[in-house]
Amino acid sequence: MASRPVHFIWLLDCSGSMSVNGKIGQLNFAIREAIPEMQQAADSNPAASLLVRAISFASGASWHVSEPTPVSSFSWEDVHTYGGTDMGAAFKLAAGALQTPPMPQRALPPVLALASDGQPTDDWRAGLRAIDGTPWGKRAVRVAVAIGDDADKSMLKEFLANPELEPLQAKNPRQLAAAIRWMSTAVVKDASTPKVEDAKPATPLGPPLTKVEGEADIW
């Protein structure tokens, strides 16, 4: 039986505040380190073909990885900071990719993975409505990580579109790496498992990002 595609889209905050205390460097490191585990998660389910893309947003938004890339050949080029927090522009870019076409009719629900440390500086609600206005956007598995105490957690919770879920909270590099690893593996496994046709998969609960002894919050 032919495998069904799972489209995974990173939505990454590259605003100027991400340059503070090394957040952008740690985000790049965490994504790069998670790729092998992401490949293993995909290998464990031959019924699904995992395709990865990435959007960066700051003053505007653009595709950092524009082509849906098989995870087996996916590699990470660092993102860099460049301005504000135009999250709504990123949502609109993602919404365009969630139309059919270009999305095939026969696919598994896509994954939208959002990482942000601040407050949106554009009309993010309009962008979120654009995602919700697409059939695949409504069915997408959505996960989010708030990096530091200044992240807009109420906004991230609205993005999740499930009142029972909360965004992950990362206050140091170890917690960020754990969050990215979970978003790249557990969520992929769940989204790659075929469900009842047209049923939206339940987003799995995230891992507890507790502090270890002697560890300090730096964000």
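**Strand E5 and its surroundings in the predicted model**

Three bridges join strand E5 to strand E6, and these two strands run parallel. In this pairing, Val 145 of E5 has Leu 168 of E6 as its bridge partner. The model is a predicted one. Strand E5 spans residues 141-147, and strand E6 spans residues 168-170. Together with helix H5 (residues 153-160), E5 and E6 make a β-α-β unit that is right-handed.

E5 also pairs with strand E4. Six bridges join these strands, which run parallel. Here the bridge partner of Ala 115 is Val 145 in E5. Val 145 thus appears in both pairings: with Ala 115 and with Leu 168.

The wider sheet is open and holds six strands in the order E3-E2-E1-E4-E5-E6. Its pairing is mixed. Strands E3 (60-70) and E6 (168-170) are the edge strands, each pairing on one side only. Neighbouring strands are turned by 15 degrees against each other on average, direction ignored. Strands of a sheet pair through backbone hydrogen bonds, either parallel or antiparallel. E1 (residues 4-13) and E2 (residues 48-58) run parallel and are joined by 10 bridges. One of the partners in E2 is Ala 48, which is bridged to Arg 4.

Burial was examined along E5. Seven of the seven residues of E5 are buried, so the strand is largely enclosed by the rest of the structure. In a regular strand the side chains alternate between the two faces of the sheet. In E5, Val 141, Val 143, Val 145 and Ile 147 point one way. Arg 142, Ala 144 and Ala 146 point the other way. Both sets are buried.

Two helices lie across the sheet strands. Helix H2 (residues 87-97) lies across E1, E2, E3 and strand E4 (111-116). The angle between H2 and E3 is about 35 degrees. Helix H6 (residues 173-192) lies across E1, E2, E4, E5 and E6. H6 runs at about 180 degrees to E5.

Ser 184 is found in H6. With a relative accessible area of 1%, Ser 184 is buried. Beyond its neighbours within four places in sequence, Ser 184 is in contact with Trp 10, Ala 34 and Met 38.

Aromatic contacts were then considered. The whole structure contains three aromatic pairs. One of them joins Phe 8 and Trp 10 in an edge-to-face arrangement, at 5.0 Å centre to centre and 70 degrees between the planes. Phe 8 counts as buried, at 0% relative accessibility. Trp 10 is buried too, with a relative accessible area of 1%. A further pair involves Phe 91 and Phe 159. Their ring centres are 5.4 Å apart and their planes are at 10 degrees, so the pair is stacked. Phe 91 lies in helix H2 and Phe 159 in helix H5, so the pair ties together parts that are 68 residues apart in sequence. Phe 91 counts as buried, at 0% relative accessibility. Phe 159 is buried with a relative accessible area of 0%.

Phe 159 also has a charged residue over its ring. Arg 142 lies over the face of Phe 159, at 5.8 Å from the ring centre. Arg 142 is one of the buried residues of E5.

Conventions: Residues are numbered from 1 along each chain as its sequence is written. This is a predicted model: local features need pLDDT of at least 70, side-chain atom pairs count only at pLDDT 80 or more; totals for chains, interfaces and linings use all residues. Side-chain values use heavy atoms; hydrogens and water are left out. Two strands pair if DSSP finds at least two bridges between them. Helices (H or I, at least four residues) and strands (E, at least two) are DSSP runs, numbered from the N terminus. Axes are lines fitted to C-alpha atoms, for helices over the stretch in contact, and angles run from 0 to 180 degrees between N-to-C directions. Contact means heavy atoms within 4.5 Å. Buried means under 20% relative accessible area, exposed over 50%, partly exposed in between (1.4 Å probe, protein chains only). A crossover is right-handed if, with the strands pointing away from the viewer, the path from the first strand over the helix to the second runs clockwise. Rings of Phe, Tyr and Trp (its six-membered ring) pair if their centres lie within 6.5 Å; planes under 30 degrees apart count as stacked, over 60 as edge-to-face and the rest as tilted. A charge sits over a ring if NZ of Lys or CZ of Arg is within 6 Å of the ring centre and within 35 degrees of the ring normal.
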